[in-house]
Amino acid sequence: MTKIYLIRHGETILNVQNKISGQIETDLTELGKKQARECALDLKKKGVEFDVILCSTLKRAKDTAAIISNVLPAPIVYDENLQEFSNGIFEGVQIDDLKKMHFEPPYETAGFKFENGSDLVSAYSSFDTKYDQFSYPQGETKEAARDRFMGAIKKYLDNHTQIKKLAVIAHGGVIRFTLLKVCPETLKEKIKNAEARLILYNQNQGFYI
């Protein structure tokens, strides 16, 4: 059995600007750097140590991993399959601007029809699994992002069975979609910046809590 600590990156410039980041690059803010360090210190206080830190290849995750590894030393392994959900044509768009958009003809995806951006944002933010096939235009479905993310972790652990404590430094969307699959009853709100959530894995049971 492996303990997996899913950790979202610290606050970023795009977070502060309330813009959709997805797979585009953005830097941590000073607060984001502080959040990452405080997360690591809190885990250290609880006696947590990592055998490996598995990390998204996006800069905000890599910078968070570097800060955490200064407190909790462990080798860092990067995997592009741990990147955030692709938000397609809306990456970099201000969320309030997207909410004001109207679509004519309506945007259709996964059997849903959206006439405005506000409903699009709600579908992305929803905890309802009926939106698993939802995607922004030219973007990735929630299900595809989750399967990519979970598949990368599973592949790594199946190839490194000696790992007992693994940190996964990644992004709010893919972590949320994973938790909604593994333990939906534990998720009441979105994942905060530099928040750590614990799940378990073994080859017989898969992911569980």
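**Entry 1: terms and a loop serine**

Helices and strands are DSSP runs, of at least four residues for a helix (H or I) and at least two for a strand (E), and they are numbered from the N terminus. I keep in mind throughout that I am reading a predicted model. With those terms in hand I looked up Ser86, and I found this residue in the loop between β3 (76-78) and α4 (95-99). Is Ser86 buried or exposed? I noted that Ser86 counts as buried because its relative accessibility is 15%, and the cut-off for buried is under 20%. I then asked which residues Ser86 is in contact with, leaving aside its neighbours within four places in sequence. My list reads Gln23, Glu91, Gln138, Gly139 and Glu140.

**Entry 2: two further loop residues**

Val93 also lies in the loop between β3 and α4. With a relative accessibility of 18%, Val93 counts as buried. Not counting residues up to four places away in sequence, I found that Val93 touches Asn18, Lys19, Ile20, Leu98 and Met101. I also looked up Val93 with Ala145, which is 52 residues away along the chain, and the C-alpha atoms of the two are separated by 20 Å.

For contrast I turned to Glu49, which sits in the loop between α2 (30-45) and β2 (52-55). Glu49 is exposed, since its relative accessible area is 59%, and the cut-off for exposed is over 50%. From C-alpha to C-alpha, Glu49 and Val71 are 9.8 Å apart in space, while 22 residues separate them in sequence.

**Entry 3: the six-stranded sheet**

In what order do the six strands of the open sheet stand? I read the order as β3-β2-β6-β1-β7-β8, with mixed pairing. β3 and β8 are at the edges and each has a single partner strand, so each of these two has one side without a neighbour in the sheet. On average, and with direction ignored, neighbouring strands of this sheet are turned by 30 degrees against each other.

I then followed one pairing in detail: β2 and β3 pair in the parallel sense, over three bridges. Here I noted that Leu54 stands opposite Val77 in β3.

Next I asked which strands α3 (residues 59-71) lies across. This helix lies across β1, β2, β3 and β6, and its direction runs at about 165 degrees to β2. Helix α7 packs on the sheet too, where it touches β1, β6, β7 and β8, and its direction makes about 140 degrees with that of β1.

**Entry 4: helix α7**

I stayed with α7 (residues 172-182) and asked how many of its eleven residues are buried. The count is ten, and the helix is therefore mostly covered. Among these buried residues I wrote down Arg176, Phe177, Leu180 and Val182. The buried residues of α7 pack against several elements, including the helices α5 (117-125) and α6 (142-159) and the strands β6 (165-170) and β7 (196-202).

**Entry 5: the hairpin of β4 and β5**

I looked next at β4 (residues 102-109) and β5 (residues 112-116), which pair in the antiparallel sense over four bridges. Together β4 and β5 form a hairpin with two residues between them, and in the turn Ala110 has a positive phi of about 50 degrees. Within this pairing I saw that Tyr107 stands opposite Phe114 in β5.

**Entry 6: the largest pocket**

The largest pocket has a volume of about 480 Å³. Which of its 24 lining residues lie nearest its centre? I noted Arg8, Asn15, Ile95, Tyr124 and Lys190. The elements that give two or more residues to this lining are α1 (13-16), α5 and α7. When I sorted the lining of the pocket by class, I had seven nonpolar, eleven polar and six charged residues.

**Entry 7: the cavity**

I found one cavity of 30 Å³ or more in the structure, and about 60 Å³ of space lies in the largest cavity. Its lining includes Asp128, Lys142, Glu143, Arg146, Phe177 and Leu180. Two elements, α6 and α7, give two or more residues to this lining. Which element gives the most to the lining of the largest cavity? It is α6, with three residues. By class I had three nonpolar, two polar and five charged residues in the lining of the largest cavity.

Methods: Residues numbered from 1 in each chain as written. Predicted model: local features only at pLDDT ≥ 70, side-chain atom pairs only at ≥ 80, totals over all residues. Heavy atoms only, no water. Buried < 20%, exposed > 50% of the residue type's maximum accessible area, 1.4 Å probe, protein only. Contact = heavy atoms within 4.5 Å. Pairing = 2+ DSSP bridges. Axes fitted to C-alpha atoms, helices over the stretch in contact; angles between N-to-C directions. 1 Å grid on protein atoms, 1.4 Å probe; cavity = no way out; pocket = protein on both sides within 12 Å on 5 of 7 lines; lining within 4 Å. Points joined across faces, edges and corners; volume = space filled by probe spheres on them. Nonpolar A, V, L, I, M, F, W, Y, C, P; charged D, E, K, R; others polar.
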